[in-house]
Number of protein chains: 2
Amino acid sequence: MENKEMQIIDDIMNRMIQKELQPGEKLPSENKLADKYRVPRITVRNALLKLEDRGHIYSVQGKGRYLKEESIQVQLPLTGSTSFTEKMESMGYDYCTKNIDFTLVPYNSKIYSHLQASESDIVYRIGRIRYINKEPIAIHYSYVKEVTFPTIQKDGPNINSMFAYYRKHGINEFTSKQTLLSVTFPTLEEQKLLACKSMVPLMVVETDSVDKETDILLEYTKIIYRSDRFKYDITIND
Amino acid sequence: MENKEMQIIDDIMNRMIQKELQPGEKLPSENKLADKYRVPRITVRNALLKLEDRGHIYSVQGKGRYLKEESIQVQLPLTGSTSFTEKMESMGYDYCTKNIDFTLVPYNSKIYSHLQASESDIVYRIGRIRYINKEPIAIHYSYVKEVTFPTIQKDGPNINSMFAYYRKHGINEFTSKQTLLSVTFPTLEEQKLLACKSMVPLMVVETDSVDKETDILLEYTKIIYRSDRFKYDITIND
DNA sequence: ACACAGCAACTTGGCAACAAGTTACGATAG
DNA sequence: CTATCGTAACTTGTTGCCAAGTTGCTGTGT
């Protein structure tokens, strides 16, 4: 029989789902598991390293391996036109956000075409990290043309909520033309920002935001979520 | 500086995105890369093994490592009430589907509660695999109560399209109460069915299907997509 | 000139021995 | 009795060496 490693991963994952293994619990040592599954130690070790990369367990040299403490899984409405902050607050989460950058974006065909911007347009990126229970759970980038909001350079660094900023400019209802969703793995930088391991999948949601009244394109948005922190609600309703 | 391994992964991934590395191309050997990045061979090796697990490269002992051939990425509308088959055909893909199982489902609190079924109800699972260009891209499970369609046991094994089956029963318009989306890794069985490596993330879409006219619950659906084959369109429109 | 065997130099794959860190416990000294 | 130190037995982490597979060149015989 091939692929003992994957069988071990399946077995341990099942035990975690069935609650046979509890959060915080210590796993048997590599040697004990190797005896149990009748495989070389290295096979068990590789399986455990993968589980660690996925963020399910952690190890302490000389002590052993432990299941991570269970962390929240948030049911997040991906659709709908209310702001992220409002969604979170209406669900009663300990939620906060932190601005991480406000920079001029060098010309980039993908972003510029999304914004329907010409090469001579000036585009800024507003980046922030969203936290639930003090844990980072998403990176949120807003790309805005200077033409659309001429005072953006001055306002930018102090914007806490783009929605609030738009309301201040008399825009109250938003819609979007297209929302795309894909799955990636974190770069080294994203791992640092989101405090996650290299094999935690990220969900990337890209959309445009349009003033419902005037149909003017406001921004191009890219949100990068830790996929292990959410069950996404994509119900279409109302 | 820590985490050389991740820096190597980032670098190779960037080169792939920038098309500096072409599909099918042979990568430098572990030793050459170790020299280039000034790290021990084992570090390069671990980075390459992760890229292999993610499905980006493959290796041949004695020969070397190669970039996988580029495969299609389909833009898939996740929302909307047309059937999967219709979506695919309207987009002109070489699409087909294969029934893989029709079985009685032993009592399971999660599935039964989704179906609003009591413990004495009989529930069947219809499983099929969906292919694009002969490549498996999704596993589709439909859970149906016998009460809803009394002849399901007889019909089941020959059902090619659930939507067609419902239409035969006079149901023409469908809707759903809630659609949830999450990300997981494949079990060993799912790896075999979807012909993918252990670290290819899967997108799981769970929904109920309701007859729009009578509001009767028809089925509970669970679709498991290979996340590397799609960009999902979750635009809410019309 | 050509065919072929054999060898050398490369590739990736696997593993065993060793290193490093933690804990538990018992001997020993005060 | 108590405190402390040392050691042995465990844990996970690292690495260097050799096995296995492929390629290509070179020498040899025809």
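A polar contact is a pair of N or O atoms within 3.5 Å, and in this predicted model such a pair is found where a polar side-chain atom of Ser59(B) lies 2.8 Å from a phosphate oxygen of DNA strand C. Two further approaches to DNA strand C involve the protein backbone: a backbone N or O atom of Glu30(B) lies 3.2 Å from a phosphate oxygen of the strand, while a polar backbone atom of Gly62(B) is 3.3 Å from a base oxygen. The elements of chain B that each give two or more residues to the surface near DNA strand C are α2 (30–37), α3, β1 (57–60) and β2 (64–67), and of these elements α2(B) gives the most, with three residues.

The surroundings of DNA strand C comprise 16 residues, of which Lys63(A), Ser29(B), Ser59(B), Gly62(B) and Arg65(B) come nearest. Sorted by class, the surface near this strand has one nonpolar residue, eight polar residues and seven charged residues. On the side of the nucleic acid, 75% of the atoms of DNA strand C that lie within 4 Å of the protein belong to sugar or phosphate, and the rest belong to bases.

For DNA strand D, 15 residues lie around the strand, and those that come nearest are Ser29(A), Arg41(A), Ser59(A), Gly62(A) and Arg65(A). The surface near DNA strand D draws at least two residues from each of α2 (30–37), α3 (41–53), β1 (57–60) and β2 (64–67) of chain A, and its residues divide by class into one nonpolar, seven polar and seven charged. Of the atoms of DNA strand D within 4 Å of the protein, 72% are part of sugar or phosphate, with the rest in bases.

The individual atom pairs at DNA strand D reach both the phosphate and the bases. A polar side-chain atom of Ser59(A) lies 2.8 Å from a phosphate oxygen of this strand. An N or O atom in the side chain of Arg41(A) is found 3.0 Å from a base nitrogen of DNA strand D, and from the other protein chain a polar side-chain atom of Gln61(B) also lies 3.0 Å from a base nitrogen of the strand.

The two protein chains also meet one another, with 36 residues of chain B in contact with 36 residues of chain A. The size of an interface is often given as the accessible area lost when the parts come together. Here, chain B and chain A bury about 3500 Å² between them, and 64% of this area is on carbon and sulfur atoms. Across the interface of the two chains, 14 residue pairs are in polar contact, with both residues at pLDDT 80 or more. The side of chain B that touches chain A receives two or more residues from each of α1 (4–17), α3 (41–53), β8 (179–184), α8 (188–194), β9 (202–211) and β11 (230–233) of chain B. Among these elements β8(B) gives the most, with five residues, and the residues of this side of chain B divide into 14 nonpolar, 14 polar and eight charged.

Side chains of opposite charge can pair when their charged atoms come close. Between chain B and chain A the count is four salt bridges, including one in which the side chains of Asp53(A) and Lys50(B) meet, with N to O at 3.1 Å. Over all chains the count comes to 30 salt bridges. One of them lies within chain A, where the side chains of Arg15(A) and Asp11(A) meet at 3.2 Å, N to O; both residues lie in helix α1 (residues 4–17) of chain A, four residues apart, or about one turn of the helix.

Strand pairing also links the two chains. Strand β8 (residues 179–184) of chain A pairs with β11(B) in the antiparallel sense over two bridges, and in this pairing the bridge partner of Leu180(A) is Asp233(B). In turn, β11(A) and β8(B) pair in the antiparallel sense over two bridges, with Leu181(B) as the bridge partner of Tyr232(A). Within chain A, strand β3 (residues 74–77) and strand β11 (residues 230–233) pair in the parallel sense over four bridges, and Tyr232(A) is here the bridge partner of Leu76(A). Tyr232(A) thus has one bridge partner in its own chain, Leu76(A), and another in chain B, Leu181(B).

Note on methods
Residues are numbered from 1 along each chain as its sequence is written. Chains are lettered from A and ligands numbered from 1 in the order in which they are written. This is a predicted model: local features need pLDDT of at least 70, side-chain atom pairs count only at pLDDT 80 or more; totals for chains, interfaces and linings use all residues. Side-chain values use heavy atoms; hydrogens and water are left out. Contact means heavy atoms within 4.5 Å. Buried area is the accessible area (1.4 Å probe) that two parts lose on being put together, summed over both. A polar contact is a pair of N or O atoms within 3.5 Å; within protein, one must be able to donate a hydrogen and the other to accept it, and residues adjacent in sequence count only if both atoms are side-chain atoms. Ala, Val, Leu, Ile, Met, Phe, Trp, Tyr, Cys and Pro count as nonpolar, Asp, Glu, Lys and Arg as charged, and the others, Gly among them, as polar. Two strands pair if DSSP finds at least two bridges between them. A residue is near a molecule or strand if one of its heavy atoms lies within 4 Å of it.
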